[in-house]
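Me: I'd love to go through a structure with you, one question at a time. Shall we look at it together?

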Amino acid sequence: MEDIQEGKDFSFPKEEERILSFWSEIDAFKTQLKLTEGKPEYIFYDGPPFATGLPHYGHILAGTIKDVVTRHQTMRGHHVTRRFGWDCHGLPVEYEIDTTYNIKSRQEVLDMGIDKYNDLCQSIVTKYVKEWEQVVTRTGRWIDFKNDYKTMDLGFMESVWWVFGRLFEKGLVYRGFKVMPYSTGCKTPLSNFEAGQNYKDVPDPAVMVSFPVVDDSDGAALVAWTTTPWTLPSNLALCVNPNLTYVKVRESVSKAVYIVAESRLSQLPGSKSSKVIEKFPGSKLKGLRYVPLFEYFSECSDVAFRVVADNYVTEDSGTGVVHCAPAFGEDDYRVCVENGIIKKGDDLVVAVDGEGCFKEKVTDFAGRYVKDADKDIVSTVKARRLVSTGTITHSYPFCWRSETPLIYMAVPSWFIAVETIKDQLLECNKQTYWVPDYVKERRFHNWLENARDWVVSRSRFWGTPLPIWVSEDGVETVVMDSVEKLEKLSGTKVTDLHRHNIDHITIPSSRGSQYGVLRRVDDVFDCWFESGSMPYAYIHYPFENVELFEKNFPGHFIAEGLDQTRGWFYTLMVLSTALFGKPAFRNLICNGLVLAEDGKKMSKRLKNYPSPMEVIGDYGADALRLYLINSPVVRAEPLRFKKEGVYSVVKDVFLPWYNAYRFLIQNAKRLEVEGLAPFSPLDVAALLKSSNVLDQWINSATGSLVSFVRQEMDAYRLYTVVPYLLKFIDNLTNIYVRFNRKRLKGRTGEEDCRVSLSTLYHVLLTTCKAMAPFTPFFTEVLYQNLRKVSDGSEESIHYCSFPSTTGQRDERIEQSVTRMMTVIDLARNIRERHNKPLKSPLKEMIVVHPDNAFLEDITGKLKEYVMEEMNVKSVVPCNNQLKYASLRAEPNFSVLGKRLGRDMGVVAKKVKEMSLDDILAFEKSGEVVISGHSLKLSDIKVVRQFKRPDNVSDNEIDAAGDGDVLVILDLRADESLFEAGLAREVVNRIQKLRKKSGLEPTDLVEVFIKPHDADKESLEKILNSQVQYITDALGSPLLPYTLASPKAVIVCQEEYTDVCGKSFAISIAKHTVVFGDALIAACSGNGEHAEAIRVYLLSRDLQNLKYEVQSGNGKIKVDCLDSYPPVELQVGKHFFLNVGESYLSTA
């Protein structure tokens, strides 16, 4: 394995760039797909974005979710095809062309020519494809851009035709009028989903208008209120609520008689002095006729201008009387159809054109834009029947593209009869699995429950044309479900299905030439219909890939944002249910919205967020991926994006993970530096038999990590994985590596060292494999180095299978180590409270707990770790909790509150009153009945409070507990503790000096100490008493400064004063060869020969000399000195490779 950098020098972004190049060299994604060919398919549907805009954090978030899941499923043994898709048709594209070329009206498009217009649209649909590919690739997502699908491709469009043809055959298609949000800026109707994207608070006129009742004895008039005066010329009815109470009142000044809802009387001008003539229910008003305000629709007098009743009229605004213009209101249209004023499916006279201007029928305002005409209409009404006028500021929908106010207008449209399959939709929804489930159970369920017939036609140009050919008399309708059918019926070769290529194609009438020909209707499909057809159209089903589709439908997985509950998720569900009686997908992850840090929508204009590429350039894509995956946004909640949060992922996850890996590499390389056999990881089966408790623990914990990731990924809960990984990495670095340093550094013997290094190796390798889908770059970096010592490993980590859990998980040992860390944390708290640093040894720790098995672990196989970490001389178990603690019971309110309800107060009081005997009996039996409620161990907290021995202060003995275990520390000092403490302080200074000098663990150095004269004798005595600890801690002896060779290369040195009252100097020098007295004898007493050998060996590279000694079994032959005979020298006799070996040989 190769040497690696320190964490502070490791650039995550640069390493990711290197990995991208590596993936490109080996064609990694394509190779992965090839390696998994023939394995079970895992079908993933990628919702197509528009390429007319640049990718943002929402796209990166959804893309990351998709990439994590599909990578994981590949590692679980599936073949996962991932093709990028592009939404090419629709209003966003047309709007950009209209804006660029200043196209204001539909007629201008026709004048230009649909062919030229569509060519312009087609020219920009791939405008930002390169930028998309760059960003998506840089985030680490593997998806096929070369074999992408586009909704404008012939095959895709033909499958869309097939979908529509099947719906037509099933009787689910009809033509009618639909009151829809209409953009006069874009000259097209919008879906409700689109209309809801841009509401603004704006002022509008608010007027009350009187409608005299025909033949009323009091000359009364109904008073209606509206904020859209421009709809008044199209009034055909008035609507009241049959269940509200209405009043007839006489105004005191004008003596006018008005009818309004009683609850809204206060809104009528002069209402305080008005006299109530009569009260009656709204149902009594139904059927009354009134005098129309305008005469534009006088031809409808036989059926129109009467009062109807419906519950949609409310009493929270207005007068309780609603004026109905069926061409401009969804409820208006509905109640007028239900009451026979107009007929569903019949041609409806709409007095406004596609530009939002009045038609000739409204003679007084013809050609005027409706919103501009509001003032003049109010003036006209004022001269006739205006009761009051004012202004109201309310939330009003605007076009999300043109920023013009929307109007609601009846549009001749083609419908899918969704309402007839509503029950099937609800049933199919039950068959799907969503994360989070509340989006499915509430938001999406409610949307389906209130589903209306879906308008799938748009009166536009750039889109998939509706495949409907209609005869001139409207009697004959033919729907094309394939290109072949169109060619056969028309006799025309078809190579493209866009309007300009097929609008001219006619079909002879099947009734004979006298009936003329059938021509295609003008409309194109709503682009939501296209994206909803994606599961079939992207593989050109049913014209190709029949077996692939039919074996794997519904698809396994989709993921998009919360807004798609009314968009793509809905259209997928509608079409699959209508076609096959099945949902289109089995599993769905729904993400929330990524907001700017201030909680506002991210805005390029406001520049209130950092660009994705900036964040990736600073911290890397893996950090961004984990930040997003570990946020509330994966649970369909909003996320306030903070760049600092991405940095925290680097700091809290990647740097500790990297440091554990670096520690492994450094100590594996050390074996070679020391002349031992290169590191080769031991077999996993052998490692599982290790007797070391921390080996057993980390192996079990790694198995738990693998099981947890597998379990959570099976449930598509990506957001739970990162917190678990964070804890695992923390445990790996702060427990396994920290507590095992001696073993990993070889200070407990070579064999034990190789076992611990191999364990760490396999833990890191397994962790990398489990986390590869989440952090594809970082895991690849580690894997590429780790695989160098593993024969037969895959070329990339992303070709590996997901790890299986090796051996049995030992829950007991995992729990014991967790408890050990609790004990250590509690002891650390006591030390901090009394300002006792860890370098100061303490005499005794007592651990109080009723569980003997736990105490056996803490004072048995885990004892050495507790003693060393907390620097105590002994750990004493105590299962008699009453010796050091008093017990009291506390109710667990978080558990019991919901369950007990009103009884909570009574039960809580009695729990707190439990006696010592009651508590002990409860702990033994695990259950107690209080006020008729059975309470378990999880329902009551038994709190252990420290009971300090008599005549002892809290500065001498103190304790800390967590309600489960109690830890007691003896804080009293003695002389033996002082000596151990000083030794730790000296070691601590040496370790800091090594780090300050940039030394690596593999650097060959030795340490010398020089006490100040006043402290020489006492310091040497103390250090001699602690020699074993110091040697173990440093990995080499601490040498007297008098032994330092004059020729030694000093790396660093520093003076220290008043360290536990002692002062000294530390020097760190490179290893240098030391010569024994036997050298002269080996040279037959020839001093000059001996000096020549000294000069020669001191000039040698120490590392090479070491290798030569080891290969010669401790001996070397010096035969390269001219004028001197060859001499065989033995290390440890004639010379030593460093001062320490010479010192130890005489100690």
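Reply: Happy to! One definition to start with: two strands pair if DSSP finds at least two bridges between them. Keep in mind that this is a predicted model.

Me: Thanks! Which residue in E28 is the bridge partner of Met 845?

Reply: Strand E27 covers residues 844-848, and its pairing with E28 is parallel, over four bridges. E28 itself spans 875-878. Within E28, the residue bridged to Met 845 is Val 875.

Me: And which strands are the edge strands of that open sheet of four?

Reply: The strand order is E28-E27-E34-E33, with mixed pairing. An edge strand pairs on one side only, and that applies to E28 (875-878) and to E33 (957-961). Between one strand and the next, the twist averages 20°. The edge strands, then, are E28 and E33.

Me: Which helix packs on this sheet, and what angle does its direction make with that of E33?

Reply: The helix covers residues 811-833 and is called H29. H29 touches E27, E33 and strand E34 (966-970). Its direction and that of E33 make an angle of about 135°.

Me: Let's turn to the interior. Which helix gives the largest share of the largest nonpolar core?

Reply: Nonpolar side chains tend to be buried together in soluble globular proteins. Here the largest nonpolar core has 130 residues, and Ile 589, Phe 641, Trp 657 and Met 845 are among those with the most contacts inside it. Its largest share is 14 residues, and they come from the helix at residues 643-673, H22.

Me: How many residues are in the second, separate core?

Reply: This core includes Trp 161, Tyr 541, Ala 584 and Phe 585. It is separate from the core that has Leu 694, Leu 718 and Met 820 among its best-connected members. The count for the second core is 70 residues.

Me: There is another open sheet, with three strands. What is its strand order?

Reply: The edges are strand E15 (433-435) and strand E23 (555-561), each pairing on one side only. E23 and E24 (residues 585-591) pair in the parallel sense over six bridges, and Ile 558 stands opposite Leu 588 of E24. The pairing in this sheet is parallel, and the order is E15-E24-E23.

Me: Which helix packs on that sheet, touching E23 and E24?

Reply: The twist in this sheet averages 15° from one strand to the next. The packing helix makes an angle of about 160° with the direction of E23. It runs over residues 57-75 and is H3.

Me: Which two residue pairs are joined by the cis peptide bonds with omega of about 0° and about 5°?

Reply: Most peptide bonds are trans. In one pair, the proline sits in the loop between E15 and helix H13 (437-449); in the other, the proline is in the loop between helix H18 (546-552) and E23. With omega of about 0°, the cis bond joins Val 435 and Pro 436; with omega of about 5°, the cis bond joins Phe 553 and Pro 554.

Me: What is the phi of Asn 102, and what is that of Lys 255?

Reply: Most residues other than glycine have a negative phi. Asn 102 lies in the loop between H4 and helix H5 (106-112), while Lys 255 is in the loop between strand E8 (245-250) and strand E9 (257-261). Neither is a glycine, yet phi is positive: about 55° for Asn 102 and about 65° for Lys 255.

Me: Is Gln 32 buried or exposed?

Reply: Gln 32 is in helix H2 (residues 28-35). Among the residues it touches are Thr 74, Arg 82, Trp 142, His 798 and Tyr 799. The cut-off for buried is under 20% relative accessible area. Because its relative accessibility is 3%, Gln 32 counts as buried.

Me: Last one: which helix supplies the largest share of the lining of the largest cavity?

Reply: There are five cavities of 30 Å³ or more, and the largest holds about 140 Å³ of space. Its lining has 17 residues, with Gly 90, Leu 91, Arg 458, Arg 460 and Cys 527 nearest the centre. Helix H4 (91-100), strand E4 (188-189) and strand E22 (524-525) each give at least two lining residues. The largest share, three residues, comes from H4.

Conventions: Residues numbered from 1 in each chain as written. Predicted model: local features only at pLDDT ≥ 70, side-chain atom pairs only at ≥ 80, totals over all residues. Heavy atoms only, no water. Axes fitted to C-alpha atoms, helices over the stretch in contact; angles between N-to-C directions. Contact = heavy atoms within 4.5 Å. Core = buried A, V, L, I, M, F, W, Y, C linked by side-chain atoms within 4.5 Å. Buried < 20%, exposed > 50% of the residue type's maximum accessible area, 1.4 Å probe, protein only. 1 Å grid on protein atoms, 1.4 Å probe; cavity = no way out; pocket = protein on both sides within 12 Å on 5 of 7 lines; lining within 4 Å. Points joined across faces, edges and corners; volume = space filled by probe spheres on them. Lists of a residue's contacts leave out its neighbours within four places in sequence.
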